[in-house]
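Good morning, and thank you for joining this session. I shall present one structure today, beginning with its strands and then turning to its cores and the ligand shell. Please have the model open as I speak.

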Amino acid sequence: MIVYINGKYLEEDNANVNANDRGYLLADGAYEGFRIYNGKIFKLKEHKNRFQRSLDELKISYTIENEIQEIYENLFAKNNYTNKDELFFYMQITRGVAPRDHAFPKQEMTVGVYAFLSQKKINLDAYNNGVKVCTVPDNRWARCDIKCISLIANCLAKQTALDKGFADGLFVHDGVITEGTATNVCFIKDGVLYTHGATNRILSGVTRNFVLDLCRENDIKVIEFPMTVDKLSSIDEAFLTGTTGEITPIIQIDDISIGNGEVGVVTKELQGKYREYLDTHFY
Ligand SMILES: Cc1ncc(COP(=O)(O)O)c(C=O)c1O
């Protein structure tokens, strides 16, 4: 696979970073993950705005212009993809190369940019039949709104869930469910959708925000208020939202069966509206 690294398009095995890149030493950088439908980037503007915001919050002085689209198009062509391929586009920007020090370098920095475009199919079993997830302690830092490359707490939580036989973990902070390890989470009770507000405790998901728009357009009431673990046994439906999985139904959390243990009706309705939107705008 041909990838992009600091101005060059190279075979991935030849794409090396300087060992003093602050992304490598200190996880000092931000990233975005984009979904491609029929050769077009889904919600480019929203991803670009969030990417810029992450960089600004990390105080990385860099203004994103048209490079997301440009690098994407070049990787698409150089890897001979076609519109039929189900693709995921990843891009990260680090503060750049400097001798290791917590303090930001004083000199002007050239950021480090890495991007790849790979095949990634949606997990149809999870999409159609739902997943079982478990709760995990949310021991991340208090700036989960920044999409930064430091993801070890998310990796640990995901692995903990997998090791216990679950598909994923739901982070719990002070009894409140915040989000998944790489997804947001929504709950349905009496036809109303509840999800954690877009605070510092969650990443404001592009998919989450799109699903909330779908709800508003389809008269599904939305309350941005967090679900607590003690209420889980009384909810009707739950689902994860994220770039790759779109809307993934949840049928069990820890040992609690959600609704009747099958994919809920509102969840299915929203999956349908999501697909309608894609059919209209991308195909
Ligand atoms: C922690 C976290 N929450 C939520 C999301 C979902 O965001 P999006 O819908 O923009 O993919 C992600 C995506 O990577 C994530 O890492």
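Two strands are said to pair if DSSP finds at least two bridges between them. Please keep in mind throughout that this is a predicted model.

With that criterion in hand, consider strand 3, residues 29–37, and strand 5, residues 87–94: eight bridges connect them, in the antiparallel sense. One of these contacts is easily located, since Gly29 has Thr94 of strand 5 as its bridge partner.

Strand 3 also runs antiparallel to strand 4, residues 40–41, to which two bridges join it. Here Ile36 has Ile41 as its bridge partner in strand 4. Strands 3 and 4 make up a hairpin, with two residues between them. In that turn, Asn38 adopts a positive phi of about 50 degrees.

I move now to the nonpolar cores. The largest has 32 residues, and those touching the most other members are Val133, Leu170, Cys186, Val211, Ala238 and Ile250. A second, separate core comprises 14 residues, including Tyr4, Phe34, Ile36 and Ala115. Ile36, the residue bridged to Ile41 in strand 4, is thus also listed in this second core.

Returning to the largest core, which residues is Val133 in contact with, leaving aside its neighbours within four places in sequence? They are Ala161, Phe166, Ala167, Asp168, Gly169, Leu170, Ile250 and Ile253. Among these contacts, Leu170 and Ile250 also appear in the list of core residues that touch the most other members.

Finally, the ligand. There are 14 residues around it, and Leu203, Gly205, Val206, Thr207 and Thr243 come nearest. Two elements give two or more residues to this shell: helix 6, residues 206–217, and strand 13, residues 237–242. The largest share, three residues, is contributed by helix 6. By character, the shell consists of nine polar, three nonpolar and two charged residues.

Let me close with Gly205, which is situated in the loop between strand 11, residues 192–195, and helix 6. Is Gly205 buried or exposed? It counts as buried, because it has 25 C-beta neighbours inside 10 Å, and the threshold for burial is 20 or more. Beyond its neighbours within four places in sequence, Gly205 is in contact with Asn184, Thr241 and Gly242. By C-alpha positions, Gly205 lies 18 Å from Val176, with 29 residues separating the two in sequence.

How values were computed. Residues numbered from 1 in each chain as written. Predicted model: local features only at pLDDT ≥ 70, side-chain atom pairs only at ≥ 80, totals over all residues. Near = placed C-beta within 6 Å. Helix = DSSP H or I, 4+ residues; strand = E, 2+ residues; numbered from the N terminus. Nonpolar A, V, L, I, M, F, W, Y, C, P; charged D, E, K, R; others polar. Core = buried A, V, L, I, M, F, W, Y, C linked by C-beta atoms within 7 Å. Buried ≥ 20, exposed ≤ 12 C-beta atoms within 10 Å, placed from the backbone. Contact = placed C-beta atoms within 7 Å.
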